[in-house]
Amino acid sequence: MKQILCVSPYYLPFNTPDMQRLRMLTPLMGQHGWQPTLLTVAPHHHPIPPDPTAEPLGNIPIHACAALPYRVTRYLGLGNLGLRCWPYLLLAGLKLLRQQPFDLVYFSTTQFDAISVGPLWKRLTGVPFVVDLQDPWRNDFHLTRPRHERPAKFWFDYPLKKLTEGLTMPHASGMTAVTANYLHTMQQRYPTLHDCPALELPFGGSLADFARARHQAPHPFFDPAKTGFRVVMTGAIPTHMQWGMARFLRATKKLDQAGLLPEGFHIYLIGTNYAQGPTDQPPIQAMAHALGIGHRLTEQPQRIGFLQTLNLMQQADLLLLPGQREPNYTPSKIYQYALSGTPTLAWFHEQSHLCHMFETLHAGTLHTFNHATLEQTLEIQLQESLLAWINRTTGWKGYHAETVQQFEATALAKKLCRWFDEIIATNGP
């Protein structure tokens, strides 16, 4: 049985998107010859509440390191867990790698700054490391946008990520990514990665998760006594995605003004910004009120339990997947949406990898746009599609079952472990 150290600052009992890869796949690795050990950050150092539906993962050893206290660093504007845990993660990983005969280290997280411990571990212990690119590490897209459209801490975050990526990626022994675009970007930036093993590995989902979710108590979002058409979106809606949501809300307003929405039509947005303060007004809710359709929308910035989220997906009539103007954006939730069995209405940049994926899955209705697309054109398209879903006239016959199976956790775990075998064969014991 080969030994692999999997690293993610966020892990159970929390519900963050970037830990779901390891949560799903580590329990299945033993079936394919790999014994995982988890290295994470101790729960009391996280600024978010734990997931009440989190379940333990069998006999997988979990080691937790410390981090600089958030209650202190937040006054310095430093909430990044990857930076706060960096020195502790460095030492904890070195200790583990020297105590146990690990064959490989696998970083799977969007706390990218933490991954920069990899080259130091490799130099001091000789253990190769692999990086999982769930998102772009250094995102050049925002350089093309006006300053007022860039993230608030872009002036600090971008140079830091440029530095840590440049110090780390040339030393990686392998790369996995949710889309081949991320792999190609790294190979273009760093010539040493042209011959580096690379694997496109979709985020995927777990049928076992949905089976457990069906036994969850109904969430108070949905009143079982009320009938209607339930539209659901789960996950964060950052500033650069609000443009897409505005198009959908305007389309909804047109239908509402025309009296074409059923009485029970309602939009539910869950987990849109778990870092938002309790007194802040949710931005999409404010947008809906400004358009006069506030009564049609409920936004909860805080996340709910992971299994509760899956339960809501299965109860919904339609799922939303808004895109952004960045072509490389590929949301991981499309696979969870597919496994839920509920159709999806999506609108994405025409160059996004999701477009091909969406069509392959037969996921529902997709609209594409580019930099020249008029906002009114997209709004009309969304208006027509939403009305078709409400009236059940889309002709949708369900997801493509064989394609969905390819993205299920069991198949992905086997694919990943076989690829790990190749990494070891390349780098030696």
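Helix α13 spans residues 333-340, and eight of its eight residues are buried, so the helix is largely enclosed by the rest of the structure. Keep in mind as you explore that this is a predicted model. Besides α13, the tour below visits an open sheet of seven strands, an open sheet of six strands, and some helices that pack together.

**The enclosed helix α13**

- If you want to find the buried residues of α13 yourself, look for Lys-333, Ile-334, Tyr-335, Gln-336, Tyr-337, Ala-338, Leu-339 and Ser-340.
- What comes just after α13? There you meet Gly-341, which takes a positive phi of about 85°.

**The seven-stranded sheet**

- Seven strands line up as β3-β2-β1-β4-β5-β6-β7 in an open sheet, and their pairing is parallel.
- Which strands sit at the edges? They are β3 and β7 (198-200), each of which pairs on one side only.
- Going from one strand to the next, the twist averages 20°.
- Strand β1 (residues 2-7) runs parallel to β2, and six bridges pair them; in this pairing, Leu-5 stands opposite Thr-37 of β2.
- To get from β1 to β2 the chain passes through α1, and this β-α-β crossover is right-handed.
- Strand β2 covers residues 34-41 and is mostly covered itself, with seven of its eight residues buried.
- β2 also pairs with strand β3 (residues 62-65), again in the parallel sense, over four bridges; here Leu-39 stands opposite His-63 of β3.
- Elsewhere in the sheet, strand β5 (residues 129-133) and strand β6 (residues 174-177) form a parallel pair over four bridges, and Val-130 has Gly-174 of β6 as its bridge partner.
- Helix α8 (residues 180-189) packs on this sheet, where it touches β5, β6 and β7, and its direction makes about 145° with that of β6.

**The six-stranded sheet**

- Another open sheet has six strands in the order β10-β9-β8-β11-β12-β13, with parallel pairing.
- Its edge strands are β10 (297-300) and β13 (364-369), and each of them pairs on one side only.
- The twist in this sheet averages 20° from one strand to the next.
- Strand β9 (residues 266-270) is joined to β10 by four bridges, and the two run parallel; Ile-270 stands opposite Gln-300 of β10.
- Which strands does helix α12 (residues 306-315) lie across? It lies across β8 (230-234), β9 and β11 (318-322), and it runs at about 150° to β8.

**Helix α1 and its partner α17**

- Helix α1 (residues 20-29) is mostly covered, since nine of its 10 residues are buried.
- Those buried residues are Gln-20, Arg-21, Leu-22, Arg-23, Met-24, Leu-25, Thr-26, Leu-28 and Met-29.
- The axes of α1 and helix α17 (residues 409-427) come within 9 Å and cross at roughly 70°, which means that α1 is roughly perpendicular to α17.
- On the α1 side, the contact is made by Met-24, Leu-25, Leu-28 and Met-29, while α17 brings Ala-409, Thr-410, Leu-412, Ala-413, Leu-416, Cys-417 and Phe-420.
- The crossing of α1 and α17 is right-handed.

**A closer look at Met-29**

- Met-29 is found in helix α1.
- Is Met-29 buried or exposed? Its relative accessible area is 0%, so Met-29 is buried.
- Leaving aside residues up to four places away in sequence, Met-29 touches Ile-4, Cys-6, Trp-34, Pro-36, Leu-416, Cys-417 and Phe-420.
- Met-29 and Arg-230 are 201 residues apart in sequence, and their C-alpha atoms are 37 Å apart in space.

**Helices α4 and α6**

- Two packed helices are described by the angle between their axes and the distance between the axes.
- Helix α4 (residues 86-99) packs with helix α6 (residues 118-125) at an angle of about 30°, and their axes are 10 Å apart.
- Why do α4 and α6 count as roughly parallel? Angles under 35 degrees count as roughly parallel, so α4 and α6, at about 30°, fit that description.
- The crossing of α4 and α6 is right-handed.
- In α4, Trp-86, Leu-89, Leu-90, Gly-93, Leu-94, Leu-97 and Arg-98 meet Leu-120, Trp-121, Leu-124 and Thr-125 of α6.

How values were computed:
Residues numbered from 1 in each chain as written. Predicted model: local features only at pLDDT ≥ 70, side-chain atom pairs only at ≥ 80, totals over all residues. Heavy atoms only, no water. Buried < 20%, exposed > 50% of the residue type's maximum accessible area, 1.4 Å probe, protein only. Pairing = 2+ DSSP bridges. Right-handed = clockwise from strand over helix to strand, strands pointing away. Axes fitted to C-alpha atoms, helices over the stretch in contact; angles between N-to-C directions. Contact = heavy atoms within 4.5 Å. Parallel < 35°, antiparallel > 145°, perpendicular 65-115°, else oblique. Left-handed = near helix turned anticlockwise from the far one by under 90°.
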